[in-house]
Amino acid sequence: MNSALPIYGENVVNKIDRYIFRRLFAVTLLVMLVLIFVFIIIDFSENSDSFTDRGASLSEVWSRYYLNYIPEMIRLVSPMAVFVAVLLVAGQMTERLEWTALKASGVSFFRYMIPFLFFAGMIAMAISYLDGFVVPKANSERIQFEREYLRRTSDRLDRNRIYRQESQNTLLSINFYDSRQHIGYQIRFYTFDENGLTEKITANRMEWEEEYEHWKLIRPQIKTFNEMGFELASYETKDTTFAIFPRDLSRTSSDIYLLTYPEVIDYLDAIRRSGASGIELPQIQFFG
């Protein structure tokens with residue numbers, strides 16, 4: 001009768017699996033803590049003057065900056081920590097002749113690798129969850145803190161002469177967009193059909209109303225074209241139903257890092273739908 005485990009029983013091998021898993025987890029956690037601690041010490045030494053000069057309290061630095069930076073640091077150092085843990089645990093088992101004992105008992109190399117592969121899979125899923133749902137929310141608060149106290153800003157992808165295809169038959173043109181106040185200046189909105197231009201809206205500016213989640217045009221003029229020419233109507237203000245949001249007009253190079261996976265997919269779809277240029281950068285950031 002052929003036995004896959006001539007010396008050790010299956011229960012013993014399962015105990016060894018748990019032993020390897022616990023060792024991997026402990027070493028990985030230790031390496032991660034050391035790397036995060038070193039990173040915080042170095043970063044604080046570099047930015048302490050900026051924190052002091054701009055009036056950031058120690059509690060703010062910890063709660064708003066470093067506490068929200070930890071998920072990002074975990075995501076970055078986890079692969080290195082796992083690599084070190086695998087080398088250390090496998091090396092210790094070889095040095096203590098534990099691997100030799102397993103081979104002598106009939107445990108194959110592939111069976112020996114199961115706890116390592118399982119641990120790697122668990123870490124990969126944890127990193128994916130962090131990257132998709134935890135890190136973006138933490139980054140939002142951290143980046144806001146950096147803008148206030150470290151004067152770090154992201155590169156604006158849109159600023160002047162912004163064009164967006166609001167739908168298949170409409171085109172929006174904005175001469176300048178103020179991303180802080182959510183105000184666009186010198187607005188042009190064109191509506192087409194198969195025969196050509198049917199409506200043109202011009203306005204001095206448009207303002208985003210957060211409460212109602214729509215744009216309000218200031219002093220718009222609406223030209224409606226027909227067979228006889230056009231009809232002109234003027235208003236002091238007029239609400240719109242533009243399917244364009246402030247984030248579609250104030251894109252920066254760090255937008256992707258502030259969005260969860262579902263939000264990133266919606267964001268990329270919105271960019272494609274609006275006809276905006278520069279979609280390659282967020283795609284590389286997302287898939288990279």
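Here is a short conversation about helix α2, its salt bridges and a surface patch in a predicted model.

Student: What makes Glu-148 and Arg-64 a salt bridge?

Tutor: Their side chains meet at 3.3 Å, N to O. The cut-off for such a nitrogen–oxygen pair is within 4 Å, so the pair qualifies. Glu-148 lies in helix α4 and Arg-64 in helix α2, so the bridge ties together parts that are 84 residues apart in sequence. Both also belong to a salt-bridge network with Glu-60 and Glu-141.

Student: Why is Arg-64 called buried?

Tutor: Buried means under 20% relative accessible area, and Arg-64 has 16%, so the word fits. Its partner Glu-148 has 32%; that value falls between 20% and 50%, so Glu-148 counts as partly exposed.

Student: How do you know that Glu-72 and Arg-75 are about one helical turn apart?

Tutor: They sit three residues apart in helix α2, which means a separation of about one turn. Their side chains meet in a salt bridge at 2.7 Å, N to O.

Student: How do you know that helix α2 is not straight?

Tutor: A straight helix of 38 residues would span 56 Å, yet α2 spans only 46 Å between its end C-alpha atoms. A kink of about 45° lies at Val-77, shortly before Pro-79.

Student: What makes Val-38 eligible for the nonpolar surface patch?

Tutor: Patch residues need over 30% relative accessible area and no salt bridge. Val-38 has 38%, so it passes the area cut-off. The patch covers about 570 Å², and its other members include Phe-37 and Ile-41.

How values were computed. Residues numbered from 1 in each chain as written. Predicted model: local features only at pLDDT ≥ 70, side-chain atom pairs only at ≥ 80, totals over all residues. Heavy atoms only, no water. Helix = DSSP H or I, 4+ residues; strand = E, 2+ residues; numbered from the N terminus. Expected span 1.5 Å × (residues − 1). Bend = angle between axes of the 7 residues up to and from the residue. Patch = residues over 30% accessible without salt bridge, like charges linked within 9 Å, V, L, I, M, F, W, Y side chains within 5 Å. Areas by Shrake-Rupley, 256 points an atom, 1.4 Å probe, with all protein chains shown as cover. Buried < 20%, exposed > 50% of the residue type's maximum accessible area, 1.4 Å probe, protein only.
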